[in-house]
Amino acid sequence: MNQYIICKMQDKVFSFLLNETKPVEIHCDTENPSSILGNIYIGRIRDIAKNIGAAFVEIASNKICYLPLSDIVNPIYTKKGASQKPQMGDELLVQVSRDAIKTKYPSVTTNLTLHGKYLLLTTGNHQISASSKLRKEEKKRLITLVRELELSLIHETDTGRSFGWLLRTNSCDADRNKIEDDMKRLYTQYQSLLQAAPHRICPECILSGPHPWITRMSDIYEASAERFLTDDKTIWDEAHHYLSLHQPDDLPKLVLYQDSLLPLFKKYSLESQLQEALSEHVWLRSGGYLVIQPTEALTVIDVNTGKFEGGGKDPQKVFYKINMEAAAEAARQIRLRNLSGIILIDFINMDSSESNDELLRFLENLLQKDPVKTVLVDMTRLSLVEITRTKKERPLHEQVNG
C-alpha cells in the first residue's frame with residue numbers, strides 16, 4: 001500500500017510519501033512558516049536592478065522577494081504609475097514561487113496559478129494545455145472537453161479571456177462532472193481575487209493556501225497514495241476540511257492513527273528513514289554505494305564498487321551491474337532529498353558505448369517519472385552524467401537543518 005504520512009516532531013512537520021514501506025518523498029516544514037509557496041500577495045516594487053534583470057518586491061513589512069523582469073508577463077496591477085514598464089511604487093499581484101534559499105530572497109512571479117485537483121488556472125499563459133506526461137490522444141480529448149465546458153462557464157462578454165488552463169496528469173482519470181466542478185471552483189476563486197484586490201491595502205496577503213503538507217495531498221497523483229495517515233488531531237482536522245472542500249472523493253483515504261503504545265514514527269521507522277535520507281553514503285544491495293555531496297553550486301553523486309563481489313574475471317560486467325543499480329537508486333535519492341539545480345553523477349567508467357547508451361536510456365526513463373521537471377542533459381567527455389532539476393523548494397537537508 002502506498003501511503004502519505006504526516007506527523008510532528010519537535011517544532012517541525014514531516015510528510016512522507018511511502019511506496020510500501022520505502023520513502024519516495026520526504027518533506028520538512030515549520031509549523032508556522034512566514035511565507036508559504038503558492039500564497040498570493042499585493043506587493044509593492046521597492047527597487048529595480050536592471051543590471052541583473054530583476055525587481056525587488058515587498059510582500060509584507062520588511063519582507064522582500066525577488067522578481068525577474070523577464071517573468072513579468074500579463075501582470076495584474078492594483079496601482080500603476082504613468083510608465084507602461086514596471087517601475088518603483090507599482091503595486092501588483094505576485095505569487096510565491098520559490099522558498100528563500102540560504103542568503104537568497106524568496107522568488108515571486110506575476111504568473112498566478114490557482115490549483116485544482118485536475119486543473120490549474122494560470123494568468124501567464126492564456127492557452128489551454130495539458131501535462132506532458134499525458135498521451136497525445138488523452139491531451140486532445142481533454143483539451144476539447146475543457147473548451148466545451150468553459151463556453152458555459154465564462155460569459156460571452158468575457159471574450160478576452162485573461163487566463164489559461166493546464167490539465168494535470170490525473171485529469172485522464174476524471175469524468176466530465178469532476179473536471180467541470182474543478183473549473184467552476186477555480187474560475188470563481190479567480191474572479192473573487194480580481195474583485196477584491198483593488199480594494200485591499202498593500203502590502204498584504206490576499207490569498208493564502210493551507211499548510212504545505214496539506215496541499216501536497218492534491219499534488220500527489222491519486223493512484224500513488226491509497227491512504228493519508230496522521231496521528232495529530234489538528235492536522236487531521238485541517239486535512240479533513242481541505243479534502244471536504246476540494247477533494248471530497250478522497251475523504252475515505254484520510255485516517256487518524258491512534259495507538260499510544262506504538263507512535264507513528266516508530267511504526268513505520270520514519271526516524272531511521274529520515275536519517276538515511278540525510279546520510280552522505282547510500283549502500284546498494286550489490287555492496288556498491290553512492291556518495292551524495294551537495295555544494296553551493298551543484299550536487300555530486302559518486303558511484304563506487306565498495307564491497308561488490310561476483311564479477312568473476314570480467315570487471316566490465318561488474319561495472320555495468322553496479323551502474324544500473326546506482327542509476328535506479330540515484331533517481332530515487334534525487335526525488336527523495338528534493339535535490340535541484342545541476343546534478344552530476346560520476347558513474348564507474350565502462351569501455352562499451354552500448355553499455356553507456358543503455359545506462360543513459362534507463363536513467364532517463366526513471367527521471368521522467370519524477371513529478372518535478374527533471375532533464376538528463378548528457379554524458380560529458382569525463383563520463384559525468386549531467387542532470388538538471390527544477391528548483392521549487394529547499395533540499396531536504398536544508399529543510400531539516402534550516
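This report covers the nonpolar cores, two helices, the cysteines and several single residues of a predicted model.

Residues are numbered from 1 along each chain as its sequence is written, and side-chain values use heavy atoms, with hydrogens and water left out. Because the model is predicted, local features need pLDDT of at least 70 and side-chain atom pairs count only at pLDDT 80 or more, while totals for chains, interfaces and linings use all residues.

**Cores**

A nonpolar core here is a set of buried Ala, Val, Leu, Ile, Met, Phe, Trp, Tyr and Cys residues joined through side-chain atoms within 4.5 Å. Buried means under 20% relative accessible area, exposed over 50%, and partly exposed in between (1.4 Å probe, protein chains only). The largest nonpolar core has 32 residues. Its members that touch the most other members are L93, L119, V146, W165, I179 and M183. Two or more residues each come from β4 (40-49), β11 (119-122), β12 (128-130), α1 (136-153), β13 (164-167) and α2 (176-196). Helices (H or I, at least four residues) and strands (E, at least two) are DSSP runs, numbered from the N terminus. A second, separate core holds 28 residues, among them V282, A326, I334 and I387.

What does L93 touch, leaving aside neighbours within four places in sequence? Its contacts (heavy atoms within 4.5 Å) are Y41, I42, I76, T78, T109, T110, L112, L193, A197 and I206.

**Helices α1 and α2**

The expected span of a helix is 1.5 Å times one less than its number of residues. The 18 residues of α1 reach 26 Å from first C-alpha to last, close to the 26 Å expected. In α1, the buried residues are E138, L142, I143, L145, V146, L149, E150 and L153. They fall within an arc of 165° seen down the axis, so they line one face of α1. The arc is that of the directions from the helix axis to the C-beta atoms. The buried residues of α1 pack against β11, β12, β13 and α2. On the face turned away from that buried side sit the exposed residues K136, K140 and L151.

R147 also belongs to α1. R147 is partly exposed, at 48% relative accessible area. Its C-alpha lies 53 Å from that of N304, which is 157 residues away along the chain.

For α2, 21 residues should span 30 Å, and the end C-alpha atoms are 30 Å apart. Its buried residues are I179, E180, D182, M183, L186, Y187, Y190 and L193. Seen down the axis of α2, these residues fall within an arc of 160°, so they line one face of the helix. D175 caps the N-terminal end of α2: a side-chain oxygen of D175 lies 3.2 Å from the backbone nitrogen of N177.

**Cysteines**

How many disulfides does the structure hold? There are 0 (a disulfide being a pair of cysteine sulfur atoms within 2.5 Å). Two cysteines show why these sulfurs are not bonded.

| Cysteine | Closest cysteine sulfur | Distance | Relative accessibility |
|---|---|---|---|
| C7 | C28 | 10 Å | 1%, buried |
| C205 | C65 | 11 Å | 27%, partly exposed |

Both distances are too far for a bond.

**Backbone exceptions**

Most residues other than glycine have a negative phi, and most peptide bonds are trans. C202 and P203 are joined by a cis peptide bond, with omega about 0°. P203 sits in the loop between α2 and β14 (204-207).

N74 has a positive phi of about 50° although it is not a glycine. N74 lies in the loop between β6 (63-68) and β7 (77-79). At 35% relative accessibility, N74 is partly exposed. N338 has a positive phi of about 55°, and it is not a glycine either. N338 lies in the loop between α7 (315-336) and β20 (341-346). N338 is buried, at 9% relative accessible area.

**Two buried polar residues**

H27 lies in strand β3 (residues 22-30). H27 is buried, with a relative accessible area of 8%. Its side chain makes a polar contact with the side chain of E25, at 3.0 Å. A polar contact is a pair of N or O atoms within 3.5 Å; within protein, one must be able to donate a hydrogen and the other to accept it, and residues adjacent in sequence count only if both atoms are side-chain atoms. Not counting residues up to four places away in sequence, H27 touches V13, F14, S15, R216, E393, L396 and Q399.

N356 lies in helix α8 (residues 353-367). N356 is buried, at 16% relative accessible area. Leaving aside neighbours within four places in sequence, N356 is in contact with M350 and M379.
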